[in-house]
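Reader: I am in my first year and would like to look closely at one part of this protein rather than skim over everything. Could you take me through the salt bridges slowly, and then show me how that part sits within the rest?

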Amino acid sequence: MSDFDMMSLPDALRRRVAEMGLTNPTPIQAQAIPQAMNGRDVMGLAQTGTGK
């Protein structure tokens, strides 16, 4: 996923992300969010500051 708009996020969440000025997910977000949105359990491992 190259940006948050392509992730099929709920409207309220998509608006809030845009209000925060975020446009592109970090690598951990790009991998984890779609899985979580599909109802999968997610456990991510990434350095501090990566947007987990």
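**A close look at the salt bridges**

Author: The structure in front of you is a predicted model, and with a cut-off of 4 Å between a side-chain nitrogen of Lys or Arg and a carboxyl oxygen of Asp or Glu, the count of salt bridges in it comes to 2. As general background, side chains of opposite charge can pair when their charged atoms come close.

Let us begin with the pair formed by D11 and R14, whose closest N and O atoms are 2.4 Å apart. D11 and R14 both belong to helix α1, where they are 3 residues apart, a separation of about one helical turn. It helps here to recall that an α-helix has 3.6 residues a turn, so residues three or four places apart point the same way. If you ask how open this pair is to the surroundings, D11 has a relative accessible area of 45% and is therefore partly exposed, while R14, at 27% relative accessibility, also counts as partly exposed.

The other pair is made by E19 and R16, whose side chains meet in a salt bridge with an N to O distance of 3.3 Å. E19 and R16 also lie in helix α1, again 3 residues apart, which is about one turn of the helix. With a relative accessible area of 59%, E19 is exposed, because the cut-off for that word is over 50%, whereas R16, at 45% relative accessibility, counts as partly exposed.

Now let us step back from the pairs to the charges of the whole chain. The protein has 5 positive and 5 negative side chains, and the centres of these two sets lie 5 Å apart. Among the negative residues outside the two salt bridges that we can follow further are D3 and D41. D3 is found in the segment before α1 and, at 23% relative accessibility, counts as partly exposed. Once its neighbours within four places in sequence are left aside, D3 is in contact with T23, N24 and P25. The C-alpha atoms of D3 and G51 are separated by 14 Å, although their positions lie 48 residues apart along the chain when counted as a separation in sequence. D41, in turn, belongs to the segment after α2, and at 81% relative accessibility it counts as exposed. Between the C-alpha atoms of D41 and V17, which are 24 residues apart along the chain, the separation is 22 Å.

Just ahead of the helix that carries both pairs, it is worth pausing at S8, which is placed in the segment before α1, a helix covering residues 11-19. S8 has a positive phi of about 55° although it is not a glycine, and with a relative accessible area of 59% it is exposed. Measuring by C-alpha atoms in the model, S8 and G21 are 18 Å apart in space and 13 residues apart in sequence.

The protein has 2 helices and 0 strands, and so far we have followed α1, which leads us to helix α2, made of residues 27-37. The buried residues of helix α2 are I28, Q29, A30, A32 and P34. Q29 is placed in this helix and has a relative accessible area of 17%, so it is buried, the limit for that word being under 20%. Leaving aside its neighbours within four places in sequence, Q29 is in contact with F4, M7, P34 and G51. Just after α2 comes G39, which takes a positive phi of about 85°.

Finally, we can set these parts within the whole. For 52 residues, a compact globule would have a radius of gyration near 10 Å, and the value of 11 Å for this protein agrees with that. Along the principal axes, the C-alpha atoms fill a box of roughly 25 × 25 × 15 Å. Of the 52 residues, 19% count as buried, and the protein exposes about 4100 Å², of which carbon and sulfur atoms supply 52%. Among contacts with a separation of 6 or more, residues 24 or more positions apart account for 35%.

Note on methods
Residues numbered from 1 in each chain as written. Predicted model: local features only at pLDDT ≥ 70, side-chain atom pairs only at ≥ 80, totals over all residues. Heavy atoms only, no water. Buried < 20%, exposed > 50% of the residue type's maximum accessible area, 1.4 Å probe, protein only. Helix = DSSP H or I, 4+ residues; strand = E, 2+ residues; numbered from the N terminus. Rg over C-alpha atoms; globule rule 2.2 N^0.38 Å. Contact = heavy atoms within 4.5 Å. Areas by Shrake-Rupley, 256 points an atom, 1.4 Å probe, with all protein chains shown as cover. Charge placed at Lys NZ, Arg CZ, Asp CG, Glu CD.
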